[in-house]
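Q: I would like to learn how to read a few features of a protein model. Could you take me through them in turn, with the general idea ahead of each case?

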Amino acid sequence: MAVAPAAVELTRDDARRIAVQAQLLTRDRPTDLLEMVHHLTHLTLDRTNAVAHSADLIAWSRMGATYSPAELAAALADHRLVEYRGLARPAEDMALYRAEMEHWRTGEGLVGWEINTRQWVLDNDRCRRSIMVRLSTDGPLTAREIPDECDRPWASSGWNNNRNVLQLLACMVRRGEVAVAGHEGQDKLWDLAERVFPDTEVVPEPEAALERDRRRLRSLGIARGKGPEAMVEPVVVAAAGIPATVEGVRGAWRVDPEALEAARGSFRGRTALLSPFDRLVSDRARMEALFGFDYQLEMYKPAAKRRWGYFALPVLHDDWLVGKADLAAERKDGLLRVNAVHEDVPFGARTRAAVDREIRSLADMLGLEVVYGRKE
């Protein structure tokens, strides 16, 4: 009987540096967009534009002045990167999801809400087939150009009630039948998946799941093996990597061996402004455990109850999350407004200067001029 390897003992300093380095947030900046996305596994395509779209913020925070939003737009337009469930992924990685898509068509291995969702699609098979025909002849199309022919309406707690076409399209993405081919303003353009995703062989699901876990851990550096289920991208990595404990933090962790080896060398940290959806902070439980950082995205809170701002950006300095930058893009006026920079601990002159440089670099990427102080 094989003996489980002993857990690697890490300090919190070790764990933070592993996480920061794995997320490509050190001074050794990536220079190639596609290689960067391949390492990170995805970019979040949230379209909130209070400062910039999250995918642009995530890419810029890694690449800095060498990044151009036009480069990401071009990679999505020619399908070197593809959108899958709100995330931009390398097109070749879709091979790791084809077996999962097949399960959504056959029902094999589905549980609970997945079974109910699949049944809703089957109940609306007439509409599903109509969408496939319409996209085949007229696509790509926006959802508003597709008639609602559902026989059974989608029912939810209220947010998605009767948004039948959008819900059916989302289910058809899971089935591997349709895909996002682009955008028309704020609307997604939908087309047949075979026209968007590359024609790759199916990787069997057990093998694909192991590889997804391995790649996820490589991008995170350190993560929990088990935890709550996530609706889109998991935050746990099952048995990938090697077991680890973190001093002063309860529970079991998994660490990527290559990230562990890299972190044993010299750590060259820097300052970065992060999207609220950045993988370094998007798993709030991991963020709190490793960084002790108090943060919530406050865009859904009433203005009077916000502590840091509508879309405040977490501030990374070396291997610490040290504050929040409350920024707002005022595009009509050509301005990037700095409402406030909240310091969790008092910044020294070096930190303050580095944050200012990052703000100006962000403004340059957006083609805006920096202005300090709240709008009167």
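A: Let us begin with a term: helices here are DSSP runs of H or I with at least four residues, numbered from the N terminus. By that rule tryptophan 113 lies in helix α6, which covers residues 113-123. Please keep in mind throughout that this is a predicted model.

Q: Is tryptophan 113 buried, exposed or partly exposed, and why?

A: The general idea is a pair of cut-offs, in which buried means under 20% relative accessible area and exposed means over 50%, with partly exposed in between. Tryptophan 113 has a relative accessibility of 33%, and therefore counts as partly exposed. Trp113 also belongs to a nonpolar surface patch with Met231 and Val232, and together these residues have about 280 Å² of accessible area.

Q: How is the chain divided into domains?

A: Domain 1 is made of residues 1-76 together with 212-368, whereas domain 2 spans 110-195. The C-alpha centres of domain 1 and domain 2 are 32 Å apart.

Q: Which way do strands β5 and β6 run, and how many bridges join them?

A: In a regular strand the side chains alternate between the two faces of the sheet. In this model strand β5 (residues 178-184) and strand β6 (residues 187-192) run antiparallel and are joined by 6 bridges. Glutamate 184 has aspartate 187 in β6 as its bridge partner. The hairpin of β5 and β6 has 2 residues between the strands, and glycine 185 in this hairpin takes a positive phi near 65 degrees.

Q: Which residues other than glycine should I look at for a positive phi?

A: Most residues other than glycine have a negative phi, and most peptide bonds are trans. Histidine 79, which is not a glycine, has a positive phi of about 65 degrees, and is found in the loop between α4 (69-77) and β3 (81-84). Arginine 85 has a positive phi near 55 degrees, and lies in the loop between β3 and β4 (87-90). As for accessibility, histidine 79 has a relative accessible area of 21% and so is partly exposed, while arginine 85, with a relative accessible area of 25%, is partly exposed.

Q: Where is there a cis peptide bond, and what is its omega?

A: A cis peptide bond joins glycine 139 and proline 140, with omega at about 0 degrees. Proline 140 sits in the loop between α7 (125-138) and α8 (164-174).

Conventions. Residues are numbered from 1 along each chain as its sequence is written. This is a predicted model: local features need pLDDT of at least 70, side-chain atom pairs count only at pLDDT 80 or more; totals for chains, interfaces and linings use all residues. Side-chain values use heavy atoms; hydrogens and water are left out. Domain bounds come from an automatic or database domain assignment. Two strands pair if DSSP finds at least two bridges between them. Patches are made of residues with over 30% relative accessible area and no salt bridge: like charges are joined within 9 Å, nonpolar side chains (Val, Leu, Ile, Met, Phe, Trp, Tyr) within 5 Å. Accessible areas come from the Shrake-Rupley method with a 1.4 Å probe; for residues, only the protein chains shown count as cover. A salt bridge is a side-chain nitrogen of Lys or Arg within 4 Å of a carboxyl oxygen of Asp or Glu. Buried means under 20% relative accessible area, exposed over 50%, partly exposed in between (1.4 Å probe, protein chains only).
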